[in-house]
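Got the viewer open? Here is a short tour, one selection at a time.

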Amino acid sequence: MPEYNDSNRAFLQAFMARSSMTFEDAQPILAAILTVSEGRTVDPDEIGADQFSDFISAANTAVSPFDLEIRSLLPQALESAQQDAPDTPPKRVYALVNTTSDPLTQLATTYSPDEIAFLKRLLDYMFTTNNNRLCEGMVATQMQAVQLHKVSSSERQSTGNDSTQTQTAAVQSLRMTQAETMIVHLIEEGWLQKSPKGYLSLTPRALMELRGWLVSTYNDESFDGRRVERIKSCAACKEIITVGQRCENRDCPGRLHDHCMRNFFRMQQAEKCPVCQKEWPGDKFVGERALSAHLRPSNATPRQRQSSSAAPSALSDNSEDENDDAE
């Protein structure tokens with residue numbers, strides 16, 4: 001491997017200044033760095049995938065002693081340009097993630113305990129309330145997210161029963177404006193993304209950072225001792241799936257990302273569930289499309305199911321008082 005030099009340091013610094021980047025994002029950055037280091041004009045198109053991979057490898061070697069790693073993941077939600085051309089492969093996203101500490105603890109350096117508690121309520125809503133046997137949505141509208149600004153009675157009771165908590169340290173509700181501001185910051189910092197239909201979901205960077213925490217938090221045993229697998233994996237790539245399709249049998253764990261499905265079925269030469277081998281339905285979704293399919297009348301055709309716009313689900317909690325923001 002080439003010696004770690006100023007070009008590698010400059011690339012790592014540029015990477016750390018961003019929450020994530022693609023190969024296409026890195027090309028002009030590396031071109032600018034190499035233009036200076038090599039004393040000649042380097043065009044972004046001259047930067048190949050192998051050279052980019054070498055810089056990623058060198059950066060990982062440099063940051064590994066600090067429990068950091070550059071990981072990559074294909075985005076699950078297609079960008080608008082890719083939706084117009086669905087056969088275009090998604091661009092792999094690279095992100096610098098912490099490999100050891102609790103991700104919510106990392107956010108505590110930026111956000112207050114009350115804001116962290118709000119984020120936890122949002123994740124609970126996405127991966128529990130909007131992710132169940134009937135509908136694997138794993139998203140929330142911005143309105144639904146803002147409505148979580150209040151501490152729930154169960155959360156307040158849990159905090160009150162914790163002997164390690166003092167009354168002054170108890171989690172407090174946010175104002176609605178505070179919740180709205182935090183959502184904007186989480187989007188800007190690359191933790192959340194908003195779809196064209198207004199749904200909030202975790203970004204590829206967030207999924208890479210939160211992967212272990214999501215599994216350990218939301219996959220647990222139910223009251224009857226059965227394992228509850230709210231966080232499932234794609235049968236093709238084995239990564240967490242939040243957007244894609246599922247087997248028609250709800251008890252079957254067969255799930256496939258949209259971008260994995262085409263190649264998988266092409267290799268298998270049959271559109272069958274990779275787990276139970278039943279015919280793949282093609283209209284059973286994971287992600288925001290699952291919400292619209294769940295709310296649509298059962299006599300809708302498969303084509304209507306795929307083309308219909310997603311409709312938001314409703315919070316089960318009572319509506320908030322209009323004067324909450326004035327508290």
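**First stop: a buried charge**

Select Glu136, which counts as buried at 7% relative accessibility. Keep in mind as you go that this is a predicted model. Now add Lys232 to the selection: the two side chains meet in a salt bridge, 3.9 Å from N to O. This pair links distant parts of the chain, 96 residues apart. Glu136 sits in the loop between helix 6 and strand 4 (140–141), while Lys232 belongs to the loop between strand 8 (227–229) and strand 9 (244–246). Is Lys232 buried or exposed? Lys232 is buried, with a relative accessible area of 18%.

**Next: two helices tied together**

Pick Arg289 and Asp258, whose side chains form a salt bridge at 2.8 Å, N to O. Arg289 lies in helix 12 (residues 288–295) and Asp258 in helix 11 (residues 258–268), so this pair ties together parts 31 residues apart in sequence. Arg289 is partly exposed, at 24% relative accessible area, whereas Asp258 counts as buried at 15%.

**Then: a little network**

Which residues join Glu38 in one network of salt bridges? Select Arg40 and Glu46 along with Glu38, since shared partners join these three. Zoom in on Arg40 and Glu38, and you'll find their closest N and O atoms 3.0 Å apart. Arg40 is partly exposed, with a relative accessible area of 40%, and Glu38 is partly exposed with 40% as well. If you'd like to hunt for others, the structure holds 11 salt bridges.

**Now look inside**

Time to go looking for empty space. There are 2 cavities of 30 Å³ or more. For the largest, with about 50 Å³ of space, select Leu104, Leu107, Leu119, Leu123, Trp191, Leu192, Leu202, Ala206 and Leu210, which line it. What classes of residue make up this lining? You'll see 9 nonpolar residues, with no polar and no charged ones. Color helix 5 (103–107), helix 6 (113–129) and helix 10 (204–218) too, as each supplies at least two residues of this lining.

**Last stop: the second cavity**

The second largest cavity has a volume of about 40 Å³. To find it, select its lining residues, including the run Leu73, Leu74, Pro75, Gln76 and Ala77. Then add Gln193, Leu202, Thr203, Pro204, Leu207, Thr242 and Val243. This lining divides into 8 nonpolar and 4 polar residues, with no charged ones. Leave Leu202 highlighted to finish: this leucine is in the lining of the largest cavity and also in that of the second largest.

Technical notes. Residues are numbered from 1 along each chain as its sequence is written. This is a predicted model: local features need pLDDT of at least 70, side-chain atom pairs count only at pLDDT 80 or more; totals for chains, interfaces and linings use all residues. Side-chain values use heavy atoms; hydrogens and water are left out. On a 1 Å grid over the protein atoms alone, a cavity is a set of points where a 1.4 Å probe fits but cannot get out, and a pocket is an open set with protein on both sides within 12 Å along at least five of seven lines; lining residues have an atom within 4 Å of a point. Grid points are joined across faces, edges and corners, and a volume is the space filled by probe spheres set on the points. Helices (H or I, at least four residues) and strands (E, at least two) are DSSP runs, numbered from the N terminus. Ala, Val, Leu, Ile, Met, Phe, Trp, Tyr, Cys and Pro count as nonpolar, Asp, Glu, Lys and Arg as charged, and the others, Gly among them, as polar. A salt bridge is a side-chain nitrogen of Lys or Arg within 4 Å of a carboxyl oxygen of Asp or Glu. Buried means under 20% relative accessible area, exposed over 50%, partly exposed in between (1.4 Å probe, protein chains only).
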